[in-house]
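Subject: The structure you asked about

Hello,

Here is the structure, as promised. Have a look at it first, and then read on for what turned up.

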Amino acid sequence: MNHSRFPILHSRPVFAWPCRVYWEDTDAGGVVYHARYLHFLERARSEWFRASGIGQQRLREQEGIVFVVHRMELAFNAPARLDDLLSATVAIEDLRSASLRVRQQLLREPEPKALVEAQVRIACLDAQKFRPRPIPNHLLQEIAPA
């Protein structure tokens, strides 16, 4: 049963990246500051790309494209705290010619409830002009193999 605020649209594999909450991530009460959750989510997306065989520096230098966050919706369900071990997940929900939408969650291990949920629209842009550009076919195969 899906208790998530964001419904699961597709059943694609979920990528998970472990992260620890450090002192620098928290406020004076030991609770993660809301903007720091974006750091955890960004690192998970970067590692997901890397695990898919997509080096973002290589894409910019050799293919002339970059992936950027176009839109993000967040739900803060419960706080993470100092020293928590989190799992940041990434799952593709929608794939278009020049963008993709992923669903992300931050889970406190070993609890199944998502502390933070996000839907993120990622756009493929020409690295020089910063204008939308179709995702090359070979990258579509790496991002979402059939």
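In what sense do β1 and strand β3 pair, and over how many bridges? Before the answer, please keep in mind that this is a predicted model. β1 and β3, the latter made of residues 85–95, run antiparallel to each other and share 6 bridges. One place to find this pairing on screen is arginine 20, which stands opposite leucine 85 of β3.

**The sheet**

That pair belongs to an open sheet of 5 strands, which pair in the antiparallel sense in the order β1-β3-β4-β5-β2. The edges are formed by β1 (15–20) and β2 (65–76), each of which pairs on one side only. From one strand to the next, the twist averages 25°. As a reminder, strands of a sheet pair through backbone hydrogen bonds, in either a parallel or an antiparallel way.

Strand β5 is a good one to follow next. Its pairing with β2 is antiparallel, over 11 bridges, and here phenylalanine 67 has cysteine 124 of β5 as its bridge partner. With β4, strand β5 also pairs in the antiparallel sense, over 9 bridges; leucine 100 is matched with isoleucine 122 of β5. β4 and β5 make a hairpin, and 5 residues lie between them. How many residues of β5 are buried? The count is 13 of the 13, so β5 is largely enclosed by the rest of the structure.

**Helix α1**

Helix α1 (residues 36–51) packs on the sheet and touches β1, β2, β3, β4 (99–108) and β5 (114–126). The direction of α1 makes about 120° with that of β4. The length of the helix checks out too: at 1.5 Å a residue, its 16 residues should span 22 Å, and the end C-alpha atoms are 23 Å apart, which agrees. After α1 comes glycine 53, with a positive phi near 90°.

The buried residues of α1 include Tyr37, Phe40, Leu41, Trp48 and Phe49, but also the charged-by-name entries Arg36, Arg45 and Glu47.

**Two arginines to compare**

Is arginine 45, a residue of helix α1, buried or exposed? Arginine 45 has 5% relative accessibility and therefore counts as buried. Leaving aside residues up to four places away in sequence, arginine 45 touches Val69, Met72, Val90, Val102, Gln104, Val120 and Ile122.

Arginine 60 sits in helix α2 (residues 56–63). Its relative accessibility is 40%, so arginine 60 counts as partly exposed. With the same sequence neighbours left out, arginine 60 touches Ile65, Val66 and Ala127. Arginine 60 and leucine 38 are 22 residues apart in sequence, and their C-alpha atoms are 23 Å apart in space.

**Cysteines**

How many disulfides does the structure hold? The number is 0. Cysteine 19 has 12% relative accessibility, so it counts as buried. Cysteine 124, the bridge partner of phenylalanine 67, is buried as well, because its relative accessible area is 0%.

I hope this helps you find your way around the model.

Best wishes

Definitions and conventions. Residues are numbered from 1 along each chain as its sequence is written. This is a predicted model: local features need pLDDT of at least 70, side-chain atom pairs count only at pLDDT 80 or more; totals for chains, interfaces and linings use all residues. Side-chain values use heavy atoms; hydrogens and water are left out. Helices (H or I, at least four residues) and strands (E, at least two) are DSSP runs, numbered from the N terminus. Buried means under 20% relative accessible area, exposed over 50%, partly exposed in between (1.4 Å probe, protein chains only). Contact means heavy atoms within 4.5 Å. Two strands pair if DSSP finds at least two bridges between them. Axes are lines fitted to C-alpha atoms, for helices over the stretch in contact, and angles run from 0 to 180 degrees between N-to-C directions. The expected span of a helix is 1.5 Å times one less than its number of residues. A disulfide is a pair of cysteine sulfur atoms within 2.5 Å.
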